[in-house]
Amino acid sequence: MKFTLTMLLLVGSHNYVMSQKPNIKQAHELLVEGYLEEALDMFNELEKNNENNAEFYFLRGSCLSELGENDRAITDLNISISLDNKNANAYYQRGFAYFTIGDSPAALENFNQAIQISPDYGEAYLNRGTVQYDLGNTEEACQDWRSALNTGLTLAQALLNQLCKD
């Protein structure tokens, strides 16, 4: 087989990428692109060098949550929050994981914390409203969905129309 210059360049660039050590940015890109198993493998490979990195534990916790491994996600998110208790996204993600496993009071507490840190966090209002509704607190749920709508999260309008009487 005759190798062309293009083929040699492609093989060379592939070998270069494969020889690079993985980093958090690459793992995050895999997570965003939906390659969850690959992202988790990379995060696991990176753990030893990121033991005190709140972002690392937040991202791996998010990946675990996306994979439905919510107990493990909560463990990582606990570590992330212990390293950086001002990350509204970590509280939000932990709230989502708690809600998924059926712990509505813990979910509510985490969404509250996310909103306290970031008062314009529309998704936190939306999900806190869902938890409130699940707990039978319809009035509070509707207020949260209004707050979510006020942040520009138009999905809240459907919940308001369907479940709230004004």
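## Salt-bridge network

In this predicted model, Glu47, Arg60 and Asp76 are joined in a network of salt bridges. Within the network, the side chains of Asp76 and Arg60 pair with an N to O distance of 2.5 Å. This pair ties together distant parts of the chain, since Asp76 sits in helix 5 and Arg60 in helix 4, 16 residues apart.

Both partners have little accessible area by the cut-off used: buried means under 20% relative accessible area. Asp76 has 5% relative accessibility and so counts as buried. Arg60, at 6%, is likewise buried.

## Other salt bridges

The structure has four salt bridges. One of them joins Asp144 and Arg128, whose closest N and O atoms are 2.6 Å apart. This pair too links distant parts of the chain: Asp144 belongs to helix 9 (residues 138-150) and Arg128 to helix 8 (residues 122-134), with their positions 16 residues apart in sequence. Asp144 is buried at 3% relative accessible area, and Arg128 is buried at 17%.

Another salt bridge is formed by the side chains of Arg72 and Glu69 (2.5 Å, N to O). Here the partners are partly exposed, Arg72 with a relative accessible area of 41% and Glu69 with 27%.

## Overall fold and surface

The chain has ten helices and zero strands. Of its 166 residues, 40% are buried. Among contacts with a separation of 6 or more, 40% are between residues 24 or more positions apart.

The accessible surface of the chain is about 9900 Å², and carbon and sulfur atoms account for 50% of that area. Glu37, Glu38, Asp41 and Glu45 form a negative patch on the surface. Of these residues, Asp41 is located in helix 3 (residues 36-46).

## Two residues in helices 4 and 5

Ser62 lies in helix 4 (residues 54-66). Its relative accessible area is 7%, so Ser62 is buried. Beyond its neighbours within four places in sequence, Ser62 contacts Leu31 and Gln93.

Leu83 is part of helix 5 (residues 70-83). With 37% relative accessibility, Leu83 is partly exposed. Apart from neighbours within four places in sequence, Leu83 touches Glu51, Asn52, Asn53, Ala54 and Tyr57. Asn52 is 31 residues away from Leu83 in sequence, with a C-alpha to C-alpha distance of 7.0 Å.

Note on methods
Residues are numbered from 1 along each chain as its sequence is written. This is a predicted model: local features need pLDDT of at least 70, side-chain atom pairs count only at pLDDT 80 or more; totals for chains, interfaces and linings use all residues. Side-chain values use heavy atoms; hydrogens and water are left out. Patches are made of residues with over 30% relative accessible area and no salt bridge: like charges are joined within 9 Å, nonpolar side chains (Val, Leu, Ile, Met, Phe, Trp, Tyr) within 5 Å. Accessible areas come from the Shrake-Rupley method with a 1.4 Å probe; for residues, only the protein chains shown count as cover. Lys and Arg count as positive and Asp and Glu as negative; His and the chain ends are not counted. The place of a charge is taken as NZ of Lys, CZ of Arg, CG of Asp or CD of Glu. Helices (H or I, at least four residues) and strands (E, at least two) are DSSP runs, numbered from the N terminus. Buried means under 20% relative accessible area, exposed over 50%, partly exposed in between (1.4 Å probe, protein chains only). Contact means heavy atoms within 4.5 Å.
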